[in-house]
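Me: I should like to go through the reasoning behind some of the terms used for this model. Please set each term against its definition.

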Amino acid sequence: MSTLHVEELDDRVVVTLRRPEARNAINAAMVGELHDVCAAVEREPRLLLITGDGGTFAAGADIGELRERGREQALQGINSRLFDRLARLPLPTVAAVDGYALGGGAELAYACDVRLASPAAVFGNPEPGLGILAAAGACWRLRELVGASVAKQVLLAGRRLDAGDALRFGLVAEVVPAEDLLQRAHSLLDRMTRSGALALRLTKLVADGHGHPLTDDLAQAILFESEEKRVRMDAFLGGSRS
């Protein structure tokens, strides 16, 4: 791949955004390659870790390409369809953010289930300053993540959230020294792998839904009939009796 470094492991896929000449800005080639990653993870469900190379997560979408896009390209939702697909992947996704995550880069991070940050991380959506809006999920995902007031400060007033802000507002789970960021992200994924894979998958599906008791009941009914539930509960009960 020309814009990504992809490492496929048994239980996870690690993606590093790699466009050093453009501070990892998201261009059409990267969008296509990230779709390929999503397809692979859909075929064989695994955890996904996304990070950026060279001390930057992704400093936006490629402005040169955006400059040439018109109404038809906007209606295609080039970036928004990708980030929606990423958000709907079967197993959890983690963004490890070092440095700038701006514009489309921020929206990529918002689409992940969990975000970790280095002290140098900066999140922002400066799109209105370019005469456009943050149309790949920020206008509603950021509101869900940090609340309406903070989201509007970012989207309307150009506020950038540094690592301390992001932690305080719940946008990131933890702030970790840059040299430990990937290790901490892998530790988080390791913790996830200790859960039942089907339970993890259905929990994400229910948590990302609009919420209804019937959805909870149906998902739990599937899990109650699973062999993994019996094995795990037998092991728990066996341990408690010893």
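Reply: The model is a predicted one. A suitable place to begin is β3 and β4, which run parallel and are joined by four bridges.

Me: What makes β3 and β4 a pair?

Reply: Two strands pair if DSSP finds at least two bridges between them. Four bridges join β3 to β4, so the two strands count as paired. Within this region, Leu-49 stands opposite Val-94 of β4.

Me: Why are β1 and β9 called edge strands?

Reply: The open sheet has six strands in the order β1-β2-β3-β4-β6-β9, and its pairing is mixed. β1 (4–8) and β9 (174–175) each pair on one side only, and therefore they are the edge strands.

Me: How do you know that α5 packs on the sheet?

Reply: Contact requires heavy atoms within 4.5 Å. α5 touches β2, β3, β4 and β6 (114–117), and its direction makes about 140 degrees with that of β4.

Me: What makes the largest nonpolar core a core, and which residues touch the most other members?

Reply: Such a core is a set of buried nonpolar residues joined through side-chain atoms within 4.5 Å, buried meaning under 20% relative accessible area. This one has 44 residues, and those touching the most other members are Val-15, Leu-17, Ile-50, Phe-57, Leu-86, Phe-123 and Leu-171. Elements giving two or more residues include β2 (12–17), β3 (47–52) and α5 (104–111). The largest share, six residues, comes from α1. Apart from this core lies another, of 14 residues, among them Leu-49, Val-94, Ala-185 and Met-192.

Definitions and conventions
Residues are numbered from 1 along each chain as its sequence is written. This is a predicted model: local features need pLDDT of at least 70, side-chain atom pairs count only at pLDDT 80 or more; totals for chains, interfaces and linings use all residues. Side-chain values use heavy atoms; hydrogens and water are left out. Buried means under 20% relative accessible area, exposed over 50%, partly exposed in between (1.4 Å probe, protein chains only). Axes are lines fitted to C-alpha atoms, for helices over the stretch in contact, and angles run from 0 to 180 degrees between N-to-C directions.
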